[in-house]
Each structure stands twice: as structure tokens, then as C-alpha cells.
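Let's take a walk through this protein together, one piece at a time. Keep the 3D view open while you read, and turn it around as we go.

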Amino acid sequence: MRRIFIDTDPGIDDAIAILLALAVPAELEVLGIVAVAGNLPLAQTERNARRVCELAGRPEIPVYAGCARPMLRPLATAEHIHGETDRDRLLLPEPTMALQTLHGVDFLIETLRAAQTGSITVCALGPLTNIAMALVKAPEVAARIGELVIMGGACFELGNVTPAAEFNVHVDPHAAAIVLDSGIPITMMPLDVTHQLLTTPPRLAVLRALDNHCGRAVAALLASFERRRRSKFGTRATALHDPSVIAYLLDPKLFDGREVNVAIETESPLTIGMTVVDWWGVSGRPVNARVMTKVDSEGFYSLLSENLVRLP
Ligand code: RIB
Ligand code: CA
């Protein structure tokens, strides 16, 4: 049993990751969900986090609002991708569960301070603003985090929001730099992994065939997602980025990577937000992350469908 926090900017792929985490209460104890501005403004990401908890029949999960903007850069969202249509609003009704009043960063700090050393796993599915702010405000809490699993960055893949940068790191590169410099054991799920997790028609068909409310909602959310955008992959397929973090917690053998140094470009106007991954160990910089580049994509989709069906 892992005790986890989920820091997230739902976001359709975030929503699926949260559902997967809530589907396995015997394996993952979700201590709380902290929303961050990223895909959408904070008011929408926190509301969406509550909507997903209620969809999963878990209104007791505490949801907190964290930071409303990156540490230094202005907020740049992905509303054109994750914004919702009227049809989506029918999929996820307005939440009735309350938002917690404590700030999400203070929740992270207070809960980590009360935890044993190395006893908490943090899952970062959006920009790293909340986690960096917690580390700046209370650096001692880093030791309470046994593993930080991040969806973000790119190794051999190019960026998805600029040619050099992946969205989560690009939104808040300064936060990413602070987190990667923290000494916390980090596992990174970059675009190299998530671009192997495309929603191909056979995989979508399996999700559509799920005979439960949450399974049907996931299939409908993905269908809505695809209607609105032509994928960069030349089809209507999209990459399931954030669920890779939860799948790793449930079956790490699905993934493979290497212990390397990852540095963040925080200044160049051309490449800001780039994760500079020293894959060949030529920089002399110390190892600070395990970067995954391989995944058993069929095994991932089997794990996803086998567990989503356990939800209401
Ligand atoms: O680049 C993909 C990441 O950015 C995912 O976490 C997606 O939800 C967006 O936050
Ligand atoms: Ca996300």
C-alpha cells in the first residue's frame, strides 16, 4: 500500500489518472488531491478534480486548490485542448463536495511534516508549482517524500508545446528546476513514454466496452477530446500522458529507463522549459532522476481497463 498525493491540472488525461488511482484503494491510499493551474485556470482544475472524485464515488477524498500561476512566468493554459464543451458538462456534473479551505501547498507541507521519513509518494501530473513552493517554504519536508513520480519533460522526443519543451515543464520551468535540484528520488515519465500510449481504435474499443459508469465516462471524454482536435500523430489518437504515473505505481515492470541527470532550461527564449537529459553521462552533473523511455503499451492499456472497471 502506497500513501500518495496527486498534484494535478485536470485536464482529461489527469482525470483518467485520478480515476485509475481511486480504482485501487487496496494498493493506493490517496491522502489528498491538490489542484494547480496548468491545462486550465485553477478555478477549473480544482472544480474538475472534485468532479472526478464524485464520478468515482469518492467524495471523501480531500481536494485542495494550490497555486493559481507559475512561480515567475505568466500562466499559459491549454484551454483549446482541455477546455470543455457543453457536451462534456453533461459527462461530469457540477461538484457538490466542498473544496478544502487550506491552501494546497500548506496541505502538502503539513501532511509531509506529520509523515515518517520517505513514507509518501507524490504524483505530479501538471506544472510543478505547488511542489516547488512547498520545498521553498519548508525544505525539510523533502525527506518525507519517498518517491516523486512526474509526468513531464522529454528525452529523445521533441517538445509538445514548443519544439524544445513539454507542456508541464514549459508552464513552470523554474518550479521544475527547484524540484529536480531537491534531492528527492524522482521518476520521470517523459513524452518518450507517453507518446507510446496512443488511444488507437482497438484500445478505445476496449474502453468503450467497459460496462460501468466511469468506464463509459472515460470513453466519452476521450471521444469528445478527439472530436475537438486533430492529433499531431496524423490520426485522431491522443497520448494518455498522466495515467502513466499511476500505472507505474501499480506495475513498475511495465516501464524501463535510466538514472541520469536532468537539467531545466530556464532562460533561453527559444528553448525555455527544455529538459536537458544527460543520457550518456557526459556533463559531469550528478544523477537526479530516473527517466523512463520504454513502456509495454499493451500492458498499460490492459492495466487501465482492468482497473477502471472496478469503479462505479
Ligand atoms: O504534456 C502533457 C502534460 O501536460 C499532461 O500532464 C497534460 O495533462 C498537460 O498537463
Ligand atoms: Ca496534467
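Gly11 sits in the loop between β1 (2-8) and α1. Keep in mind that the model is a predicted one. At this loop residue there's something to look at in the backbone: the peptide bond joining Pro10 and Gly11 is cis, with omega at about -25°. Most peptide bonds are trans.

Now look for the calcium ion (ligand 2). Which residues coordinate the calcium ion? The donors come from Asp9 (OD), Asp14 (OD, listed twice), Leu125 (O) and Asp242 (OD), at 2.2 to 2.6 Å. Along the sequence, those donor residues follow the spacing D-x4-D-x110-L-x116-D. Asp14 and Leu125 link distant parts of the chain: Asp14 belongs to helix α1 (residues 12-22), Leu125 to the loop between β4 (120-124) and α6 (129-137), and the two are 111 residues apart. Are they buried or exposed? Asp14 is buried, with a relative accessible area of 0%, and Leu125 is buried too, at 1%. Both count as buried because their values are under 20%.

Next, zoom out to the sheet. In what order do its strands line up? There are 9 of them in an open sheet, running β3-β2-β1-β4-β5-β6-β9-β7-β8, with mixed pairing. At the edges stand β3 (63-65) and β8 (275-278); each has a single partner strand, so one side of each has no neighbour in the sheet. On average, neighbouring strands here are turned by 30° against each other, if you ignore direction.

Let's stop at β4. This strand runs parallel to β1, and 5 bridges join the two; in one of the pairings, Ile6 stands opposite Cys123 in β4. β4 also pairs with β5 in the parallel sense, again over 5 bridges, and there Thr121 has Glu147 in β5 as its bridge partner. How many residues of β4 are buried? The count is 5 of its 5 residues. In a regular strand, side chains alternate between the two faces of the sheet. In β4, Ile120, Val122 and Ala124 are on one side, Thr121 and Cys123 are on the other, and all of them are buried, so both faces are covered.

Further along the sheet you'll meet β9. Strand β6 (residues 186-189) runs parallel to β9 (residues 289-295), joined by 2 bridges. Here Thr187 has Arg290 as its bridge partner, and Met188 stands opposite Val291. Strand β7 (residues 255-264) pairs with β9 in the antiparallel sense, over 6 bridges, and Val260 stands opposite Ala289 in this strand. β9 is mostly covered, with 5 of its 7 residues buried.

Finally, head for residues with more to show. Glu110, in helix α5 (residues 104-113), is partly exposed, with a relative accessible area of 45%. Measuring from C-alpha to C-alpha, Glu110 and Ala134 come out 9.7 Å apart in space, while they are 24 residues apart in sequence. And which residues make a nonpolar patch on the surface? Phe156, Trp280 and Val282 do, with about 420 Å² of accessible area together. You can find Phe156 in the loop between β5 (145-151) and α7 (167-171).

Definitions and conventions
Residues numbered from 1 in each chain as written. Chains lettered and ligands numbered in written order. Predicted model: local features only at pLDDT ≥ 70, side-chain atom pairs only at ≥ 80, totals over all residues. Heavy atoms only, no water. Patch = residues over 30% accessible without salt bridge, like charges linked within 9 Å, V, L, I, M, F, W, Y side chains within 5 Å. Areas by Shrake-Rupley, 256 points an atom, 1.4 Å probe, with all protein chains shown as cover. Salt bridge = Lys/Arg side-chain N within 4 Å of Asp/Glu carboxyl O. Helix = DSSP H or I, 4+ residues; strand = E, 2+ residues; numbered from the N terminus. Donors = N, O, S within 2.8 Å, 3.2 Å for Na, K, Ca; no water. Buried < 20%, exposed > 50% of the residue type's maximum accessible area, 1.4 Å probe, protein only. Pairing = 2+ DSSP bridges. Axes fitted to C-alpha atoms, helices over the stretch in contact; angles between N-to-C directions.
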